[in-house]
Amino acid sequence: MASLWGWSLLCHKPNKQVASESVHGAELALERLHCRRRCETCDVEAGKPCMCGGGRVAVDEGHSSKPNSSFAHSVINMVGMLIGLGQLSTPYALANGGWASVFLLIGLGVMCAYTAHIIGRCLADDPGSKTYQDIGEQAFGVRGRVVASAFIYLDIFFALVSYTISLSDNLPLVFPGAHLHLPWLHHRLGTTTQLLTVIAVLVALPSLWLRDLSSISFLSFAGIVMSLLIFACVVCAAAFGGSTVTMGERIIPVLRLERIPAVSGLYMFSYAGHIVFPNIYTAMKDPSSFTKVSVTSFSVVTTLYVALAFVGASLFGPSVSSQVTLSMPPRLAATKVALWATVLTPMTKYALEFAPFAIQLQRHLPAAMGSRARMLVRGGVGSVALVAILVLALSVPYFQYVLSLTGSLVSVAVCVVFPCAFYLKICGGRVSRSTVTLNVAMMVAGVVLAVAGTISSAKSLVQSIQRGHAE
């Protein structure tokens with residue numbers, strides 16, 4: 001959500017004033033929603049008192065923002081939101097699932113494009129719905145909002161764990177030969193890789209203490225550029241690596257059916273972005289073109305993923321690493337650029353991913369609490385959460401299994417199952433029988449993939465942990 005937020009600002013009006021207005025609007029929307037839920041008779045408008053005890057909502061009419069995102073900007077926003085950490089694992093997923101598993105990658109892209117479309121339909125049905133949680137409440141009441149919120153925060157948490165594992169895996173290659181030794185931490189953090197990871201996270205930690213959340217919006221642009229740079233570097237390694245790149249022996253089978261459940265989780269994680277699609281919809285000048293935006297964006301992203309998967313799998317064969325950057329020739333200039341981009345990307349994500357939770361946290365703090373106290377609470381909670389993420393990432397350094405588990409356990413629900421359930425509940429009485437059948441079939445397929453993928457990835461993760469302890 002925060003990533004889209006910052007990227008939109010940079011696409012339209014790249015200045016701090018606009019960023020501040022965006023954050024102000026987000027906080028105002030939360031406050032209005034809070035007051036509306038407490039008292040139906042409350043008229044929360046600019047400068048008018050809130051009759052349900054919430055005080056006065058101070059709204060500067062000059063700060064009111066209108067939807068101004070064009071078709072092109074909306075496509076850029078959606079593509080930028082979708083391209084991320086998942087692209088690193090697509091060559092590994094293709095090599096493990098077999099060449100035919102590319103049809104699963106394409107099929108999941110089509111499914112997610114459709115569920116993006118029906119999210120737009122749900123928003124059109126109720127102009128008051130602005131977020132993914134709003135759609136959940138529109139469909140199933142307070143319980144729908146609670147469940148949607150829980151999965152959104154799970155998605156954010158596990159994604160940050162995956163980013164931290166990626167950081168830990170790539171840092172040793174960025175600093176080859178580095179040796180750090182801190183005697184007082186040797187019994188807990190005995191390796192240079194772990195110490196480098198701790199230092200990198202500590203460098204990113206102050207961003208969680210920023211009082212003005214809009215000041216982190218530039219990190220969104222940096223993260224998107226890094227993701228595109230990684231893709232370009234892998235393609236350059238294939239095109240210009242010459243004798244430096246050892247082409248993998250093409251013994252990847254056509255299909256490995258037993259690995260499809262885990263592979264589906266990796267593929268699904270790559271398409272996870274539905275929690276911010278309502279923000280893209282509400283920012284559009286012409287929301288009726290949202291379906292075209294979804295189709296165009298997913299076509300671009302799916303094409304990119306398929307190309308990267310084939311290039312990586314063809315280059316390195318079945319031995320390709322779970323992150324393609326780890327398989328690239330170390331002396332190649334493109335490899336060094338890709339590794340630096342992979343390391344810097346997680347460091348741009350911590351504050352951005354925490355921003356939605358920070359806004360919710362601030363909303364629930366007492367109104368009498370001062371700005372300094374609010375900053376301390378927000379920064380303290382964010383720091384504790386980041387430390388927990390760091391500890392978990394260092395304890396479970398198995399990127400592919402954590403990513404697959406996240407995709408199966410969380411992303412399938414958020415991207416496929418929930419949107420179909422919301423749509424059937426909200427619009428089920430006004431759609432054709434074939435549409436109902438399609439959505440039910442997608443829900444069933446999603447549940448099957450979620451259960452099978454969760455069991456498979458969790459089993460592999462536990463086995464890897466046990467082997468790690470045995471060693």
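These questions and answers look at how labels are earned in a predicted model of one protein.

Q: What makes up the fold, counted in helices and strands?
A: The protein has 15 helices and two strands. Of its 471 residues, 53% count as buried.

Q: How do you know how confident the predictor is in the protein?
A: Look at the pLDDT, which runs from 0 to 100. The mean for the protein is 80. In addition, 78% of the residues reach 70 or more.

Q: Which elements have the lowest and the highest mean pLDDT?
A: Strand β2 (residues 55-56) has the lowest, at 36. Helix α5 (residues 102-125) has the highest, at 96. Over residues 1-64 the pLDDT is below 50. That stretch still has 113 contacts in the model beyond near neighbours in sequence.

Q: Why are Phe 140 and Phe 422 called an aromatic pair, and why tilted?
A: Two rings pair if their centres lie within 6.5 Å. Here the centres are 6.1 Å apart, so the rings pair. Under 30 degrees would be stacked, and over 60 would be edge-to-face. The planes of Phe 140 and Phe 422 stand at 55°, so the pair is tilted.

Q: What parts of the chain does the pair of Phe 140 and Phe 422 link?
A: Phe 140 is in helix α6 (residues 132-174). Phe 422 is in helix α14 (residues 399-427). The two are 282 residues apart.

Q: Why is Phe 140 called partly exposed?
A: Its relative accessible area is 40%. Buried needs under 20%, and exposed needs over 50%. The value for Phe 140 falls in between, so the residue is partly exposed.

Q: Why does Phe 422 count as buried?
A: Its relative accessibility is 6%. The cut-off is under 20%, so Phe 422 counts as buried.

Q: What makes Tyr 271 and Phe 298 a tilted pair?
A: Their ring centres are 6.0 Å apart, within the 6.5 Å limit. Their planes differ by 35°. That is neither under 30 nor over 60, so the pair is tilted. Tyr 271 sits in the loop between α9 and α10, and Phe 298 in helix α11.

Q: How do you know whether Tyr 271 and Phe 298 are buried or exposed?
A: Compare each value with the 20% cut-off. Tyr 271 has 0% relative accessibility, so it counts as buried. Phe 298 has 2%, so Phe 298 counts as buried too.

Q: How many aromatic pairs does the whole structure hold, and which residues are linked into a cluster?
A: A search finds eleven pairs. Ring pairs link Tyr 132, Phe 140, Phe 151, Phe 418 and Phe 422 into a cluster.

Q: Which residues touch the most other members of the largest nonpolar core?
A: They are Met 78, Tyr 132, Tyr 271, Phe 277 and Phe 298. This core has 119 residues. Helix α14 gives the most to the core, with 17 residues. Tyr 132 touches residues including Ile 119, His 274, Val 414 and Phe 422.

Q: What makes Ser 264 a buried residue?
A: Ser 264 has 3% relative accessibility. That is under 20%, so Ser 264 counts as buried. The residue is found in helix α9. Leaving aside neighbours within four places in sequence, Ser 264 is in contact with Leu 104, Leu 108 and Leu 449.

Q: Why is the link from Ser 264 to Pro 261 called a polar contact?
A: The side chain of Ser 264 reaches the backbone oxygen of Pro 261 at 2.5 Å. The limit is 3.5 Å, so the distance qualifies.

Methods:
Residues are numbered from 1 along each chain as its sequence is written. Side-chain values use heavy atoms; hydrogens and water are left out. Helices (H or I, at least four residues) and strands (E, at least two) are DSSP runs, numbered from the N terminus. Buried means under 20% relative accessible area, exposed over 50%, partly exposed in between (1.4 Å probe, protein chains only). Contact means heavy atoms within 4.5 Å. A polar contact is a pair of N or O atoms within 3.5 Å; within protein, one must be able to donate a hydrogen and the other to accept it, and residues adjacent in sequence count only if both atoms are side-chain atoms. A nonpolar core is a set of buried Ala, Val, Leu, Ile, Met, Phe, Trp, Tyr and Cys residues joined through side-chain atoms within 4.5 Å.
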